[in-house]
Amino acid sequence: MKKENQIKNSLIVGMILFALPFLFKTIRIFFTSKIYLPIWFFALLLLFSLTFFIILFFWLRKPKYSEDVFDRIKWRWGYYPFGGIKNLTSYCLICDTFLFHREWGSKTYLKCENCKIDRTCFDGSYGYYKITIESKIDQKIRNKEY
Ligand SMILES: [Zn+2]
């Protein structure tokens, strides 16, 4: 049994050693061969590569900070690839349910349909309130307070 394993291992090592020169030769041919491409195709490849690396660069730079509590409301959001907050959404701090907003006169109410209570009331429109929350998030990101 042990001798069979030794023979098997020796065969595997022998096959690898036999294949190594061919492998090196193939790799050398791959990296030293020349191909001819139309210049427009090369430019297109270059453009796609640059775009990919720029998006990757900004994607790696975006903060992982995407949830916080402001004014006793939980807020979640995402980021655009080149910066900026997107999909800012409010959630109930108690049951974590999406909050509905309704504007009544000059005031806006955020209501949890699960808890059946208004979570907050503020002056101005919901859009204006979201902008104030975005400015708070932006301030925390710039000051690295998250
Ligand atoms: Zn709730």
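How many bridges pair E4 and strand E5 (residues 107-112), and in which sense do the two strands run? The answer is six bridges, in the antiparallel sense. The legends below start with the whole chain and come back to that pair; keep in mind throughout that this is a predicted model.

**Figure 1. The whole chain, with its two domains set apart.** Before zooming in, here's the overall layout. The chain is divided into domain 1, covering residues 1-34, and domain 2, covering residues 67-142. Their C-alpha centres lie 62 Å apart. Put a box around the C-alpha atoms along the principal axes and you get roughly 85 × 55 × 30 Å. The radius of gyration is 30 Å, while a compact globule of 146 residues would come in near 15 Å. Just 6% of the 146 residues count as buried. As for contacts with a separation of 6 or more, 24% of them join residues 24 or more positions apart.

**Figure 2. Three helices and six strands, in order.** The chain has three helices and six strands. Walk along from the N terminus and the elements read α-α-β-β-β-β-β-β-α. So where do the strands go? One open sheet has the order E1-E2-E3, and another has the order E4-E5-E6. Each of these sheets has three strands with antiparallel pairing.

**Figure 3. Close-up of the E1-E2 hairpin.** Strand E1 (residues 67-70) meets strand E2 (residues 73-79) in the antiparallel sense, over four bridges. If you want to find the register by eye, look for glutamate 67, which stands opposite arginine 76 in E2. Valine 69, in turn, faces lysine 74 in E2. The two strands make a hairpin with two residues between them. One residue to pick out in that turn is aspartate 71, with a positive phi of about 55°.

**Figure 4. The E1-E2-E3 sheet with helix H3 packed on it.** This is an open sheet of three strands in the order E1-E2-E3. Its edge strands are E1 and strand E3 (85-91), each of which pairs on one side only. From one strand to the next, the twist averages 30°. Helix H3 packs on this sheet and touches E1, E2 and E3. The direction of H3 makes about 110° with that of E3.

**Figure 5. Helix H3 and lysine 130.** H3 has 17 residues and reaches 24 Å from its first C-alpha to its last, close to the 24 Å expected at 1.5 Å a residue. Lysine 130 is found in this helix, which spans residues 126-142. Is lysine 130 buried or exposed? Somewhere in between: lysine 130 is partly exposed because 17 other C-beta atoms lie within 10 Å, and buried would take 20 or more. Also worth a look is threonine 89, 41 residues away from lysine 130 in sequence but 8.5 Å away in space, C-alpha to C-alpha.

**Figure 6. The E4-E5-E6 sheet.** Here's the pair from the opening question, now in its sheet. The order is E4-E5-E6, the sheet is open, and the pairing is antiparallel. Strand E4 (99-104) and strand E6 (117-123) are the edge strands, and each pairs on one side only. Neighbouring strands are turned by 25° against each other on average, direction ignored. Between E4 and E5 there are six bridges. To line up that pair on screen, find histidine 101, which stands opposite leucine 110 in E5.

**Figure 7. Two exposed residues with positive phi.** Most residues other than glycine have a negative phi. Aspartate 96 goes the other way, with a phi near 65°. You'll find aspartate 96 in the loop between E3 and E4. Aspartate 96 is exposed because it has 11 other C-beta atoms within 10 Å, and the cut-off for exposed is 12 or fewer. Lysine 144 is another residue with a positive phi, near 55°. Lysine 144 sits in the segment after H3. With 8 other C-beta atoms within 10 Å, lysine 144 is exposed too.

Note on methods:
Residues are numbered from 1 along each chain as its sequence is written. This is a predicted model: local features need pLDDT of at least 70, side-chain atom pairs count only at pLDDT 80 or more; totals for chains, interfaces and linings use all residues. Two strands pair if DSSP finds at least two bridges between them. Axes are lines fitted to C-alpha atoms, for helices over the stretch in contact, and angles run from 0 to 180 degrees between N-to-C directions. Domain bounds come from an automatic or database domain assignment. The radius of gyration is taken over C-alpha atoms; the globule rule is 2.2 Å times the number of residues to the power 0.38. Two residues are in contact if their C-beta atoms, placed from the backbone, lie within 7 Å. The expected span of a helix is 1.5 Å times one less than its number of residues.
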